[in-house]
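User: Hey, can you walk me through how a couple of helices pack in this protein? I'm new to this, so plain words please.

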Amino acid sequence: MKDKKNSESKQKLIASLLDILIGLLIGFIVILIANPSQAFRAMGIMLSGGFYKGLRSTGQVLYSAIPIMMTGLSVAFAFKCGNFNIGTTGQYTVGGFVALFLANTLYQTVPDSLLWIICLIAAGLAGALWALIPGILKAYRNVNIVISGIMFNYIGMYLVIEGVKAFIYDSAGARSQTSKIAVPKMGLNHIFPGSDVNGGIIIAIALCVVAYIILNKTTFGYELKACGYNPEASRYAGMSEKKIVILSMVISGFFSGIGGGLVYIGGTGRAFTTAEVTLPEGFNGIPVALLGMNSPLGCILAALFVSYINVGGNYMQACNIPVEIIDVISAVIIYFSSFALMIRLYLQNREKKKHKKEVAVEGGQE
């Protein structure tokens, strides 16, 4: 059993590494087509992006990893429990709006040291509530959770747009206000001077660790995974499948909501717009989860890698690489990780064939 588990972990790791290498190769080809004379220099800048401007660049990598780490954790947690939470964008959006609304409403009556905590908890609860409805529909009416999740992404987007118009626009109605309070730096501004990094990265990593402990070290986590792997057997063992579906979605939505809160009260001037466009951070969490092998701890490394590539891609403009090309390269590297499952299945089938051949040879010798 232990050997099988180690084999599966090895296959997942190989699949993720192949995704990264293939994505980088395609990215290099795109750069080569766009600007052949600067291709090698540009690729070097992208690969060293996290250190291109010293600790400032490293701090930006950490800051940029916060939202995709949380949405990646959200997708991975739900997937471990047998659900595909594609509604992370809606949960992230609603959570960010609630955090920003409370920050701008209560900043004169509640101390900043307490308000940012209240805002983040409220953001998490808002995300959990937004995930609760698809969870209930799945549990009691067997509504496809992917379809309901996509629908709630757009419902959440339009509700937030109306909320921005009604509550967060400035007095002139020109633009939405930024947060009046911010997540504390927790000393990271001294370690990474000049960057936007704050304590949100510490909170995000801590939540990934908590999620890992819940899934792997508790009876509750065992029930969550058991219902995800085999609902019929879990039902026979006395577990409530409906309760597990709902709770797994609620916890998953909580993580997405926290991610939105960490961004919109992050102290970087992030504000909502009334553009009818879903926020990309939720969808970017899907490849992060796949690249991280749907492990909470893997999401930490995957989010840092994706953020590292994105930061390096921004610096490539020094090589006269158009910003649109940078977006293409980043997208290829990020979304190519969706092939992780395909590569993993290929490796599993290859190992099964090898095992059958070895058994057949041993049987023939006997």
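Analyst: Sure. In this predicted model, helix H4 (residues 88-106) and helix H11 (residues 241-264) have axes that come within 7 Å and cross at roughly 50°. That makes H4 oblique to H11, where angles under 35 degrees count as roughly parallel, over 145 as roughly antiparallel, 65 to 115 as roughly perpendicular and the rest as oblique. Helices here are DSSP runs of H or I with at least four residues, numbered from the N terminus. Axes are lines fitted to C-alpha atoms over the stretch in contact, and angles run from 0 to 180 degrees between N-to-C directions.

User: Which way is the crossing of H4 and H11, left-handed or right-handed?

Analyst: Right-handed, meaning the near helix is turned clockwise from the far one by less than a right angle.

User: And which residues in H4 meet H11?

Analyst: Among them are Gly 95, Gly 96 and Ala 99 in H4, and on the H11 side the list includes Gly 253, Gly 257 and Gly 260. Contact means heavy atoms within 4.5 Å. By class, the residues of this contact are five nonpolar, 11 polar and no charged. Ala, Val, Leu, Ile, Met, Phe, Trp, Tyr, Cys and Pro count as nonpolar, Asp, Glu, Lys and Arg as charged, and the others, Gly among them, as polar.

User: Cool. At what angle do H5 and H11 pack?

Analyst: H5 (residues 112-141) packs with H11 at about 150°, their axes 6 Å apart. That makes H5 roughly antiparallel to H11. The crossing of H5 and H11 is right-handed, and their contact has 17 nonpolar, six polar and two charged residues.

User: New topic: is Glu 223 buried, exposed or partly exposed?

Analyst: Partly exposed, because its relative accessibility is 24%; buried means under 20%, exposed over 50%, and partly exposed in between, with a 1.4 Å probe and protein chains only. Glu 223 is found in helix H9 (residues 219-229).

User: What does Glu 223 contact, leaving aside neighbours within four places in sequence?

Analyst: Met 239 and Ile 244. Glu 223 and Cys 81 are 142 residues apart in sequence, with their C-alpha atoms 8.7 Å apart in space.

User: How many helices and strands does the protein have?

Analyst: There are 15 helices and zero strands. Of the 366 residues, 49% count as buried.

User: Anything to know about the numbers?

Analyst: Residues are numbered from 1 along each chain as its sequence is written, and side-chain values use heavy atoms, leaving out hydrogens and water. Local features need pLDDT of at least 70 and side-chain atom pairs 80 or more, while totals for chains, interfaces and linings use all residues.

Conventions
Helices (H or I, at least four residues) and strands (E, at least two) are DSSP runs, numbered from the N terminus.
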